[in-house]
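Dear colleague,

I am passing the structure below on to you, and what was found in it follows underneath. Please read the notes with the coordinates open beside them.

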Amino acid sequence: MNHDYLGKDDPYADIRESVQKLCADFPGEYWRQLDAERAYPTSFVQALTDSGFLSVLIPEEYGGAGLGVGAAAAILEEIQKSGGNGGACHAQMYIMGTVLRHGSEEQKQTYLPKIASGELRLQAFGVTEPTSGTDTTRIRTTAVRDGDEYVVNGQKVWTSRIAHSDLMLLLARTTPRDQVEKRHQGMSVFLIDIREAQGKGLTIRPIRAMINHSTTEVFFDDLRIPADSLIGEEGKGFRYILDGMNAERILVAAECIGDARWFIDKASAYAAERQVFGRPIGQNQGIQFPIARAYAQTEAADLMVKRAAHLFEAGVPCGAEANMAKLLASEASWQAADTCLQTHGGFGFAEEYDVERKFRETRLYQVAPISTNLILSYVAEHVLGLPRSY
Ligand SMILES: Cc1cc2nc3c(=O)[nH]c(=O)nc-3n(C[C@H](O)[C@H](O)[C@H](O)COP(=O)(O)OP(=O)(O)OC[C@H]3O[C@@H](n4cnc5c(N)ncnc54)[C@H](O)[C@@H]3O)c2cc1C
């Protein structure tokens, strides 16, 4: 089924086609086996790297394609639509944005060309902590300046892909919360060389989770890092990571659109083919309507994703649109997932159909990278002007 409402006007039609061809070499069995073993999709990620798809957001002067967030969104949507899982590597596309926007020229020259070529992987981002949760200003991980170094202590949780990264971006407190004027001040961002740090104060422990996401908890125990690991100015890290969050939300929303389309295609095909009571189950409106509704919700959410991407590329504020895109797309994909499973009846639970795997995978996006409630409270406070709730 062709869901591409832009048809010939889609500026990313060629990119989509190339991604579809690449993904055809990584069918459901590939992802299913990795899921069972909780293994990393190394060959898939390598193929994406070799094709240049992971470096589209890096400017040409640093070895990337210099494209906008719309192109990256098209790539991730196609991966999800093929039945794969871009969560294994999507962060390689956008975490570097913090270095690009706020790093020194020397840091950009040192890291960006190697990230573009895939020689270096920067796809781990340590923000979430077990005790502070979404209240990021209460993080307890600290980085204390000591001569030419910072000494890092603390703990992160849900730090994904770190075991498949060379570098990580870390948010840590450099000034205690009670010594700053505003609670978001006094946090800083560091680019840590994981290869150097492991065994010298950095410990990584995998978390066995509902989905195959290579996620971990990370412990910092007097880890010494060079002072030039700091990105931008000390104390301004929270603002730097906020800058990157709109891109992340738009890209995750695009992944949800891809998931939703995979579920809708699967459900439609099965409904047309499965015969019960002497006719296809898809002849019953009780089966048709939820699929049609999921399709309508997906198309509506996709418009918001495209609008957010357009505003982002134009360099105008898009916090509301990026948040709403992520909210609507994650709800559309979940609705499509539930409908697809229901349409498949008992077979929806069988691993070989991939429905249960994708069902588990797409559920994540109502919790991470930001949960639905937090988006709603953003819209209520910052768009509708309602009183601040926390
Ligand atoms: C598989 C996976 C991968 C992840 N990868 C990363 C990663 O790579 N790097 C990283 O830093 N983090 C990562 N995360 C963490 C993720 O971003 C957080 O789980 C998410 O932001 C929610 O935070 P929390 O788990 O601390 O929930 P909490 O903040 O404890 O919230 C729990 C629930 O309460 C709700 N809630 C909290 N406060 C309010 C409020 N004021 N009003 C209404 N509702 C509220 C939330 O919406 C949520 O549903 C990952 C998580 C998962 C599960």
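In this predicted model, H7 is followed by Gly118, whose phi is positive, near 90°. Helix H7 itself covers residues 105-117, and because a rise of 1.5 Å a residue should give its 13 residues a span of 18 Å, the 18 Å between its end C-alpha atoms agrees with expectation. There is nevertheless a kink of about 30° at Tyr111, shortly before the proline Pro113. Tyr111 also belongs to the buried residues of H7, together with Lys108, Leu112, Ile115 and Ala116, and the cover over these buried residues includes helix H6 (96-102) and strand E1 (122-126).

Strand E1 appears again around the ligand. The shell there holds 22 residues, of which Val127, Gly133, Thr134, Trp158 and Ser371 come nearest; the elements giving two or more residues to this shell are E1, strand E3 (149-160) and helix H13 (372-383). By character, the shell residues divide into 11 nonpolar and 11 polar, with no charged residue.

Turning to the interior, the largest nonpolar core has 112 residues, and the members that touch the most others are Phe190, Ile250, Leu251 and Val305. Helix H9 (residues 237-273) supplies the largest share of this core, with 18 residues. As for Ile250, once its neighbours within four places in sequence are left aside, its contacts are Val69, Ala73, Val305, Ala308, Ala309, Phe312, Ala322 and Ala325.

With best regards

Note on methods: Residues are numbered from 1 along each chain as its sequence is written. This is a predicted model: local features need pLDDT of at least 70, side-chain atom pairs count only at pLDDT 80 or more; totals for chains, interfaces and linings use all residues. Helices (H or I, at least four residues) and strands (E, at least two) are DSSP runs, numbered from the N terminus. The expected span of a helix is 1.5 Å times one less than its number of residues. The bend at a residue is the angle between axes fitted to the seven residues ending there and the seven starting there. A residue is buried if 20 or more other C-beta atoms lie within 10 Å of its own, exposed if 12 or fewer, and partly exposed in between; C-beta atoms are placed from the backbone. Two residues are in contact if their C-beta atoms, placed from the backbone, lie within 7 Å. A nonpolar core is a set of buried Ala, Val, Leu, Ile, Met, Phe, Trp, Tyr and Cys residues joined through C-beta atoms within 7 Å. A residue is near a molecule or strand if its C-beta atom, placed from the backbone, lies within 6 Å of it. Ala, Val, Leu, Ile, Met, Phe, Trp, Tyr, Cys and Pro count as nonpolar, Asp, Glu, Lys and Arg as charged, and the others, Gly among them, as polar.
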